[in-house]
Amino acid sequence: MAAIAVLLASLPAGKLLAQEGAQNIRFGIFADPLITWFSSDTKMTVNEGSRAGFNFGVACNKYFSKNYSFSTGLSLMISGGNLHHSDTITMYFNNYTSIVNPGQVINYKLQYIDIPLGLKFESNQIGYVTFFTDAGFDPKIMINSRVDIPSLSVSKGIATREVNFFTLSYHITTGIEYSLGGNTALLLGIGYENNFIDITRDREKQPKDHIAQNIIRFRLGVNF
């Protein structure tokens, strides 16, 4: 949260420059309800449904022409997923291990710092509405990993040893900006994101698998 506040304070809101009717630099705040789930490259490890998540932070756009900009920002993403295995595995928590039998569901609750890097394409304003699409990549740093195993009465087990510290995703988001007057606009959008670098670590007595994370986001925000 402190990092988000520092970034927001550092954005040069008072020095916005006009460029062919668009601002050179523009920023905003957003909150994204998420639907997240895992996918696996092996039948030994199987997705066990989706989880709700949340992503919130600040966005910054650096315009290089009227309708095109580089997009970045900083956010805290709360996500997760559910898995079960067809073999008995050992789960490595930070201060103990647990034996998980075949079919027992493992619920992952993950927190990441997300730094998106992309390109944003905007239409000309039509009435009060501007259409946009943003596409790019999202380097993420894991800051917390918790695991629940209901069948073993494990709740909020600290499992940073089970999750890779870094992941990378691609994203595409599309939506509209509705002008509220001046430079302020309400932003509504929907997007898809795929963390394609393996989310989980393959430790001893665990299957060799590649777990990706899929995310559907519903973007709610305000741009200035």
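**Close-ups of a predicted strand-rich fold**

**View 1. Strand 4 (residues 45–47) runs antiparallel to strand 6, and 3 bridges hold the pairing on paper**. Two strands count as paired if DSSP finds at least two bridges between them, and Asn47 sits across from Leu83 of strand 6. This is a predicted model, in which local features need pLDDT of at least 70 and side-chain atom pairs count only at pLDDT 80 or more, while totals for chains, interfaces and linings use all residues. Residues are numbered from 1 along each chain as its sequence is written, and side-chain values use heavy atoms, with hydrogens and water left out.

**View 2. Strand 6 (residues 68–85) has other antiparallel partners too, including strand 5 (residues 51–65), with 11 bridges**. A hairpin of 2 residues links strand 5 to strand 6, and Tyr63 has Ser69 as its bridge partner. Strand 9 also pairs with strand 6 in the antiparallel sense, over 9 bridges, with Ser79 matched to Leu110. Strand 10 (residues 117–122) joins strand 6 through 4 antiparallel bridges, and here Phe70 faces Leu119. Most of strand 6 is covered: 14 of its 18 residues are buried (buried is under 20% relative accessible area, exposed over 50%, partly exposed in between, with a 1.4 Å probe and protein chains only). Across the protein chain there are 15 strands and 1 helix (DSSP runs numbered from the N terminus: helices are H or I with at least four residues, strands E with at least two).

**View 3. The largest nonpolar core gathers 18 residues**. Met91, Ile106, Tyr108, Val147 and Ile149 touch the most other members; a core here is a set of buried Ala, Val, Leu, Ile, Met, Phe, Trp, Tyr and Cys residues joined through side-chain atoms within 4.5 Å. At least two residues apiece come from strand 7 (89–92), strand 9 (106–114) and strand 11 (129–149), and strand 9 gives the largest share, 4 residues. Zoom in on Ile106: leaving out residues up to four places away in sequence, its contacts include Leu83, Ile89, Met91, Val100 and Val147 (contact is heavy atoms within 4.5 Å).

**View 4. Asp32 makes salt bridges with Arg217 and Arg219.** The closest N and O atoms are 2.8 Å apart for Asp32 and Arg217, and the N to O distance is 2.6 Å for Asp32 and Arg219. Asp32 is in strand 3 and Arg219 in strand 15, so this pair ties together parts 187 residues apart in sequence. Asp32 and Arg217 are both buried, and Arg219 is buried as well. Asp32, Lys140, Glu193, Arg217 and Arg219 join up in a salt-bridge network. The overall count is 8 salt bridges, each a side-chain nitrogen of Lys or Arg within 4 Å of a carboxyl oxygen of Asp or Glu.

**View 5. A nonpolar patch sits on the surface, made of Tyr128, Tyr178, Leu180, Leu186, Leu188 and Leu220**. Together these residues have about 580 Å² of accessible area (Shrake-Rupley, 1.4 Å probe; for residues, only the protein chains shown count as cover). Patch residues have over 30% relative accessible area and no salt bridge, with like charges joined within 9 Å and nonpolar side chains (Val, Leu, Ile, Met, Phe, Trp, Tyr) within 5 Å. Strand 13 (166–181) and strand 14 (184–195) each give two or more residues to the patch. Tyr178 belongs to strand 13 and is partly exposed, with a relative accessible area of 37%.
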